[in-house]
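Got the viewer open and a selection box ready? Here's a walk through the model, one stop at a time.

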Amino acid sequence: MKYFETRYGAGTGQERLPIRPEKEALWAAAFGVDDLDYVFDLDTPATAIPKIDAAIARFNHDPESLRPLLPPGEPGVWCGRGECWSSCGRPSPTTRTRRSAAPWKTRVFLLRRNLPWAWAGWIDDFNRPVQNPIRQPWKRFGSGGGGDLNSLQELHIQNYGDPALAGGVSYEFEPFTPNYGFEAEIWFPALGIVAQSFWVYLMNNWAKIGGSLAFKQITAIGCVHQIADGDTIKVYQIPNLGASGDVIGSGAAPVAFDGNYFRLKFWVEADRWVRCWMNDIFVCQAQLSDAYKTSPGHRGLNLNALRTDAWVRWVKWFDRPSSIPSAGVWQSIFYDDFARADGAVGNGWTQLGTAAAIASGRWATNGTDDGSRAIIRNTGLSTGRVRVEGIIRGPNSVADCSLLARVNGAGGTQAVAANIYSNKVYISRLSGSMTSPTWSDYIAVTSGVSIADGDRITFSVYGDIAWIERNGTPIAYAGNLNAGVPVANSWAGARVSRASFNNSGAWEDLRIYSGL
């Protein structure tokens, strides 16, 4: 068994805290090492304390990376600057090791999630007496607006007329996990030529920051009425309260706001991917940039209304299981490393377009003509669950290459594609042909992306959703695929191109998986 050992008093005192073997992986991850051997190699307090503080910071700010390492049956772990012990088999409090003169109150906790309880979330049906103003767990935020609970047991959200004076009502509790959702039944009688909107702001809530204007990096999901485009659901990124922002997703509302109670629902996946529905009809989706990605303490629920009051009958606010299945659902069914003589690809592939071939163990575009070329094959899969993976070589920012799924046959006139540049990626629906494709983008990630030579790119399609991974890390997500590309399309493959005197990236290998 390993121990945390501390010596003090010029060597006259010694403390030893045991590290149970089943917890070594957890503590190694907390200290940012592969193994605990030599993590404290005769350290002085001056060198040991920064290591301990870094471990505490991981518990506080990145607990989800550590939580899976809790041993089975372990309810949790806690530690502090002055001690490092677990909830099971910890030493007596009299043996805590003092590593500095810092206060002992610096503590961190890591608790095992009770997922059924977390997923149950919070439901508020406002079934209580009139409140004016609304009381806890709701509270006013910002400068304008506010709210009350009326005699019809509805949350009445008072509008603000000046966008610079934004404000509304904020909920005390927030989701625990990166995958969460919101649903509410709303009356929002917006009509006429003046722009009006009902908003859900994902940001700090009043319990975290109080009622000040210090709200930053706001993800805003809005029911927006504008004369130019009618009633829409939009997703914005807004730098701070009262500022204008950027639309990153939008779709037409399936029913008019005025004269109808309607249900607004959205899901957030991995703190980044937002999908919106109205009356269970899919409307739009968006992917948040790194600066706007939600996080613990920044998943607060805040409601407000611009220029027209809104009434809410009930609210559901909940954690939810991930839409992305585990890696264990995939089984390899085909692999090609292109390790054969230069020339035609062969090996059962159908090639569409002529200016591509195997060259130096890669399938790549060749020649001097701009255009698109693809290789596809029939996987025999009709479940809509397919994964295509390959090592990319030489990507650039001018010409894209693709991984293809749900291709509709040897003619290749319909598919879902992961289109890859060195600095951006797209998940798109292909129509037309592989040699002259027309793209309809489900999602575009045009900033914060870097694809390098030798990266492994994975494109997974699982039912109604798809996602791209770079070296095992998801970088783009999309949903609502089934409406445009049937699940029964059974072909898959890859594509390369040439544009503006630039050859796209090439594929060093390709592997196809089926999904359970």
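Start by selecting Glu 508, which counts as partly exposed because its relative accessibility is 21%. Keep in mind as you click around that this is a predicted model. Now show the side chain of Arg 393 as well: Glu 508 and Arg 393 meet in a salt bridge, with 2.8 Å from N to O. Glu 508 belongs to strand E36 (residues 506-515) and Arg 393 to strand E26 (residues 385-393), so this pair ties together parts that are 115 residues apart in sequence.

**More charged pairs**

Side chains of opposite charge can pair when their charged atoms come close. In this model the count of salt bridges comes to 24, so there's plenty to click through; here are a few.

Next, pick Asp 455 and Arg 470. Their closest N and O atoms are 2.8 Å apart, and they form a salt bridge. Asp 455 sits in the loop between strand E30 (437-445) and strand E31 (456-462), while Arg 470 is in strand E32 (residues 465-470), so the pair ties together parts that are 15 residues apart in sequence. Are the two partners buried or exposed? Asp 455 counts as buried, at 7% relative accessibility, whereas Arg 470 is partly exposed, at 28%.

Jump to Glu 269 and Arg 275 for another salt bridge, where the closest N and O atoms are 3.6 Å apart. Here both Glu 269 and Arg 275 are buried.

Now go to the start of the chain and select Lys 2, in strand E1 (residues 2-8). Add Glu 24, Asp 35 and Asp 37 to the selection: together with Lys 2, they're linked in a network of salt bridges. Lys 2 is partly exposed, with a relative accessible area of 23%. While you're there, put a distance label between the C-alpha atoms of Lys 2 and Arg 20: they're 7.4 Å apart in space and 18 residues apart in sequence.

**A seven-stranded sheet**

Switch to cartoon view for this one. In what order do the seven strands of the open sheet run? Follow E7-E10-E19-E12-E13-E14-E15, with antiparallel pairing. The edges are strand E7 (138-142) and strand E15 (246-252), each pairing on one side only. From one strand to the next, the twist averages 25°.

Zoom in on the E15 end. Strand E14 (residues 230-240) pairs with E15 over six bridges, in the antiparallel sense. For a spot to center on, select Thr 232, which stands opposite Ala 252 in E15.

**Two cis prolines before E7**

From the other edge strand, step back into the loop between strand E6 (122-124) and E7, where you'll find Pro 133. Turn on the backbone atoms: the peptide bond from Asn 132 to Pro 133 is cis, with omega near 5°. Pro 137 is in the loop between E6 and E7 too, and the peptide bond leading to Pro 137 from Gln 136 is also cis, with omega near 15°.

**A nonpolar patch**

Bring up the surface and color Ile 193, Val 194 and Ile 227. These residues make a nonpolar surface patch of about 330 Å². Val 194 is in the loop between strand E11 (180-187) and strand E12 (196-203), and is partly exposed, with a relative accessible area of 43%.

**The cysteines**

How many disulfides does the structure hold? Zero. Select Cys 276 and Cys 284 to see a pair that doesn't make the bond: the sulfur of Cys 284 is the closest cysteine sulfur to that of Cys 276, but at 4.0 Å it is too far for a bond. Cys 276 counts as buried, at 0% relative accessibility. Then find Cys 401, which also counts as buried at 0% relative accessibility.

**Two positive phi angles**

Last stops. Select Phe 338, in the loop between strand E21 (330-336) and strand E22 (350-352). Its phi is positive, about 55°, although Phe 338 is not a glycine. At 0% relative accessibility, Phe 338 counts as buried.

Finish at Asn 471, in the loop between E32 and strand E33 (473-478). Asn 471 has a positive phi as well, near 50°, again in a residue other than glycine. What sets the two residues apart is their exposure: Phe 338 is buried, while Asn 471 counts as partly exposed, at 43% relative accessibility.

Definitions and conventions:
Residues numbered from 1 in each chain as written. Predicted model: local features only at pLDDT ≥ 70, side-chain atom pairs only at ≥ 80, totals over all residues. Heavy atoms only, no water. Pairing = 2+ DSSP bridges. Helix = DSSP H or I, 4+ residues; strand = E, 2+ residues; numbered from the N terminus. Axes fitted to C-alpha atoms, helices over the stretch in contact; angles between N-to-C directions. Salt bridge = Lys/Arg side-chain N within 4 Å of Asp/Glu carboxyl O. Buried < 20%, exposed > 50% of the residue type's maximum accessible area, 1.4 Å probe, protein only. Patch = residues over 30% accessible without salt bridge, like charges linked within 9 Å, V, L, I, M, F, W, Y side chains within 5 Å. Areas by Shrake-Rupley, 256 points an atom, 1.4 Å probe, with all protein chains shown as cover. Disulfide = S-S within 2.5 Å.
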